[in-house]
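Me: I am new to this structure. Please take one part, its nonpolar core, and walk me through that part and its surroundings.

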Amino acid sequence: MGDHSHGSPENSGTVAKADDVAQDRFPDPGLPPHRPRLADRDPRAAKRHERQVALLFTISIIGTLFFFVSYFVLGRLGEMSFAELRVQNAALGLGTAFAMLGIGVGIVHWAKTLMPDHELMEMRHEIRSEEDRQDAVEIVDTVLEESGIKRRPLIRNTLIGAIALAPIPAIFMFRDLDRTGNTAHQMIDSLRHTMWDKGIRLTRDPSGTPIKASDVQIGSAFHVVPEGINETENPLNEKAKAVVLLMRMDPAEMQISEGREDWNVDGIVAYSKICTHVGCPIALYEQHTHHLLCPCHQSTFDLTQECKVIFGPAGHALPQLPITVDSEGYLVAQSDFHEPVGPSYWERG
């Protein structure tokens, strides 16, 4: 018979497996040896990299100044055509891109070529004593010293200039949202009201031809703007608020709420074309279902229910423009919209 022995706790299979695992572990390789860069060995190369970093920060400054020129000069040359508007938008985008890109690439190039690249490991611990706080201050001073920002005034000055100018365009853009004056109330009023007023004729967009009630057949739809909009100081801004859709349907299919009985003309109704979700233009009208559809996010409005939202993310019905006919049979507005047009509004009832 073979000799079968049972190992003691000291030489059991469990201990043998633990020894095997210990032998399979990889040794700690440590940190790789430091390889000095060209800028570390050659002062001329370091100076060249310093000028390159300063040039990148200068490009950022030039980009910001280019944004200013595009925003304040091109935008103040009078009424702009669509082609000129596209040029200005492209110039604004390029100015912003170079302003941000110059800072970002400059900092990366600075870190890779001039800042110390020694790899260090240090255990983190809580700062409890005054001595620990003093050590932390020394570490910050060491970082500033190693970054070279104190002894490289060219980089320091261009960086300060680039960072100081970079946020200014955003400040001016937000300030310029108020084109009517310097008070918040004036800006709110400009958003609350449109060009529509009592007696203003409804005209076709873009021809400007007035529309008679007899021109609107059941199932038809017209894109409408106020008469004289092209003679205003900023027709694009006015059109962005005042554009409406004009449609005609069978009065028997309409659900009219109290107070709106005279807002239509024999089934002819006018509603804001601006979607109440994010302001996209509504341009799709389904004649058989009487639905208006926003192509951006598929918000759907039911014309028979005074453009109530029946699907999609829009939060409010489309504002209705009260209309009537004048002595010559042309469709005219009774007043402005009774509520602000466009996306959700902070004072919408």
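Reply: Here is a close look at the core, followed by the parts around it.

The model is predicted, so local features need pLDDT of at least 70, side-chain atom pairs count only at pLDDT 80 or more, and totals for chains, interfaces and linings use all residues. Numbering starts from 1 along each chain as its sequence is written, and side-chain values use heavy atoms, with hydrogens and water left out.

Start with the whole chain. Its secondary structure comes to nine helices and 10 strands. These are DSSP runs, numbered from the N terminus: helices are H or I with at least four residues, strands are E with at least two. Of the 349 residues in the chain, 34% are buried. Buried means under 20% relative accessible area, exposed means over 50%, and partly exposed lies in between (1.4 Å probe, protein chains only).

Now the core. In soluble globular proteins, nonpolar side chains tend to be buried together. A nonpolar core here is a set of buried Ala, Val, Leu, Ile, Met, Phe, Trp, Tyr and Cys residues joined through side-chain atoms within 4.5 Å. The largest one has 20 residues. Trp196, Leu246 and Leu331 touch the most other members. Four strands each supply at least two residues of this core: β2 (221–226), β3 (244–248), β4 (268–272) and β10 (331–333). Another core lies apart from it. That one has 18 residues, among them Met247, Met249, Cys280 and Ala314.

Look at Trp196. Contact means heavy atoms within 4.5 Å. Beyond its neighbours within four places in sequence, Trp196 is in contact with residues including Val224, Val225, Pro226, Ala242, Val244, Leu321 and Ala333. Arg201, Asp336 and Phe337 are also among its contacts.

Ala242 belongs to helix α9 (residues 235–242). There Ala242 is buried, as are Pro235 and Lys241. Seen down the axis of α9, its buried residues fall within an arc of 135°, so they line one face of the helix. The arc is that of the directions from the helix axis to the C-beta atoms.

Leu331 has a partner in Val265. Val265 is found in the loop between β3 and β4. Val265 counts as buried, at 12% relative accessibility. The two residues are 66 apart along the chain, yet their C-alpha atoms are separated by 8.5 Å. Val265 is in contact with Leu331, and also with Ala213, Ile323, Thr324 and Val325, its neighbours within four places in sequence left aside.

Val225 leads on to Arg204, in strand β1 (residues 202–204). Arg204 is partly exposed, with a relative accessible area of 30%. Leaving aside neighbours within four places in sequence, Arg204 is in contact with Val225, Phe222 and His223, among others. The C-alpha atoms of Arg204 and Leu245 are separated by 10.0 Å, with the residues 41 apart along the chain.

Such distant pairings fit a wider count. Among contacts in the chain between residues at least 6 apart in sequence, 62% join residues at least 24 apart.

Last, a residue in another helix. His49 lies in helix α3 (residues 43–73). His49 counts as buried, at 14% relative accessibility. Neighbours within four places in sequence aside, His49 is in contact with Ala39, His109, Thr113 and Leu114.
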